[in-house]
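Please open the model in your viewer and keep the sequence panel beside it. The tour below proposes one selection after another and says what is to be found at each.

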Amino acid sequence: MAPVETAIAAPSKLDAQQTLRASTALLTKISSDAANPPKTAAPKTSLLADADEQDAEDETPVWLVLTTKKHMSDKKRLKPGKIVLPHPYLNVQDEGFRICLITADPQRKYKDIVDSPGFPEGLKKCVTRVLGLEKVKARYKSFESRRQLLGEYDVFLADDRVITHLPKLLGKVFYKGGSKRPVPVNLQGKRQSVDEQGVKRIKLSEGGSKVVKNDLQPKDLAAEIERAVRSALVHLAPSTTTAVKVGRATMEPEHLVENVNAVVTGLVDKYVPQQWKNVRSVHIKGPNTAALPIYMAEELWVEDGDVLEEPLPVKEKGSKKRKRGALADGAEENGVMEVPGPDGKMRKLTAPAAKSKKAKSEPVDEDDSAAVKETEKKEKKARKEELTKQKEEAKKAADSTVIPASKVSGEGKKVSKKTKANAAVAI
């Protein structure tokens with residue numbers, strides 16, 4: 001189920017006053033909890049946590065939780081979507097803000113663009129490293145090296161042509177938490193909409209030529225990086241709930257409201273099938289707070305056909321399963337059935353009688369059971385005595401047989417064999 005592209009944006013159904021009240025209450029609760037933490041046992045120190053990972057991502061985030069009536073996507077997407085925020089929670093002007101740019105090979109081409117005079121100086125200080133895909137494969141194979149790379153930068157941007165290869169190369173260090181997953185950026189030049197004569201280019205499906213792109217310019221790369229930093233990321237999965245980070249706890253309530261409106265509008269217009277008709281609820285929450293509602297749908301279904309007029313039939317627990325096979329399917333009430341014969345003609349047969357099953361919990365008299373066991377014991381003892389008696393008689397018959405001395409040759413062996421055979425039969 002691909003994201004829905006619409007030319008006309010659906011009008012928002014959010015109540016501005018309700019969104020403002022929820023935002024104010026949420027920010028007040030987060031600040032109150034930070035000032036007066038609950039008196040509990042001291043948290044255990046994680047041996048896997050990085051001590052120097054105090055960056056922009058560590059500030060208390062505010063999440064928007066949008067719930068739909070049907071799935072927004074049919075599979076998990078490794079390439080997140082982007083919605084530009086009017087008040088971004090990341091700022092390239094912050095001191096010490098570091099960006100790592102992962103590009104397709106060769107990486108030297110993009111390093112030269114970042115170092116060129118046309119690239120903004122303020123943004124050039126933030127883009128402190130450019131890595132090619134081959135260098136990522138070669139240098140960051142171990143778990144420790146990936147953790148070190150994760151802690152050195154605040155944001156990771158990746159060429160959208162190679163971003164689907166990064167989960168395998170960077171592993172769960174980057175993709176388990178999701179706070180620093182690489183953000184896709186377009187590192188290709190703009191398309192040429194007109195040809196050399198100034199005539200509008202014809203599409204390839206209509207008999208035109210392939211798309212021609214210009215070389216990537218420094219101003220285009222800078223605009224793409226700034227747009228990625230100012231955006232909220234949308235990670236789609238086959239579920240009815242999607243969480244998007246829309247701000248930080250240090251924001252003003254009015255700024256948070258504007259971010260919430262922008263993200264909800266972008267999600268509904270671009271990613272939610274059937275737009276507001278498929279939206280069930282919208283909440284905002286912090287990491288350790290309850291979710292505060294800002295929109296609740298009146299109906300829990302999308303189409304009227306989704307509602308059943310009558311409830312589905314409930315199978316009885318004691319109902320027997322239907323027997324399979326031609327004999328069971330063709331059985332009649334009078335015990336006669338018709339089945340196809342080898343020649344293809346139908347023949348009438350009598351249905352087999354159903355076997356009666358003994359009840360599992362049938363009560364048994366203790367005196368009767370004891371008498372039955374005693375009788376079985378006596379019969380078994382009598383059979384053993386009879387068998388022992390037969391063996392002794394056969395043994396006496398074998399010992400009383402006399403073999404002549406003249407028949408010690410092969411004939412004698414035959415007699416001996418016959419004797420043994422007779423003795424064996426007797427036994």
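**Starting in a loop**

Begin by selecting Q274, which lies in the loop between α9 and β9; helices here are DSSP runs of H or I with at least four residues, strands are runs of E with at least two, and both are numbered from the N terminus. The phi angle of Q274 is near 65 degrees, a positive value in a residue other than glycine. This is a predicted model, in which local features need pLDDT of at least 70 and side-chain atom pairs count only at pLDDT 80 or more, while totals for chains, interfaces and linings use all residues. Residues are numbered from 1 along each chain as its sequence is written, and side-chain values use heavy atoms, with hydrogens and water left out.

**Two helices that pack**

Next select helix α9 (residues 253-270) together with helix α1 (residues 16-35), which pack with their axes 9 Å apart and at an angle of about 125 degrees; axes are lines fitted to C-alpha atoms, for helices over the stretch in contact, and angles run from 0 to 180 degrees between N-to-C directions. That angle makes α1 oblique to α9, where under 35 degrees counts as roughly parallel, over 145 as roughly antiparallel, 65 to 115 as roughly perpendicular and the rest as oblique.

To see the contact itself (heavy atoms within 4.5 Å), show the side chains of T19, L20, S23, T24 and L27 in α1, which meet P253, L256, V257 and V260 in α9. The residues of this contact divide into 6 nonpolar, 3 polar and no charged, with Ala, Val, Leu, Ile, Met, Phe, Trp, Tyr, Cys and Pro counted as nonpolar, Asp, Glu, Lys and Arg as charged, and the others, Gly among them, as polar.

While α1 is still selected, pick out K29 and D33, which form a salt bridge with their closest N and O atoms 3.3 Å apart; the term requires a side-chain nitrogen of Lys or Arg within 4 Å of a carboxyl oxygen of Asp or Glu. Because K29 and D33 are 4 residues apart in helix α1, about one helical turn separates them. The structure holds 8 salt bridges.

**The antiparallel sheet**

Now add β1, β8, β9 and β10, since α1 lies across these strands and runs at about 165 degrees to β10. What is the order of the strands in this open sheet? Its 4 strands follow the order β8-β1-β9-β10, with antiparallel pairing, two strands being paired if DSSP finds at least two bridges between them. At the edges stand β8 (241-248) and β10 (292-296), each with a single partner strand, so one side of each is left without a neighbour in the sheet. The twist averages 20 degrees from one strand to the next. Strand β1 (residues 61-68) and strand β9 (residues 279-285) are joined by 6 bridges, and V65 stands opposite H283 in β9.

**The parallel sheet**

Move on to the open sheet of 4 strands with the order β4-β3-β5-β6, where the pairing is parallel. Here β4 (127-132) and β6 (183-185) are at the edges with a single partner strand each, so each has one side without a neighbour in the sheet. From one strand to the next the twist averages 30 degrees. Strand β5 (residues 155-159) pairs with β6 over 3 bridges, and L157 has V183 in β6 as its bridge partner. Helix α8 (residues 218-229) packs on this sheet, touching β3 (99-103), β4, β5 and β6, and its direction makes about 155 degrees with that of β6.

**A last stop**

Finish at P106, in the loop between β3 and α2 (108-115), where the peptide bond from D105 to P106 is cis, with omega near 0 degrees.
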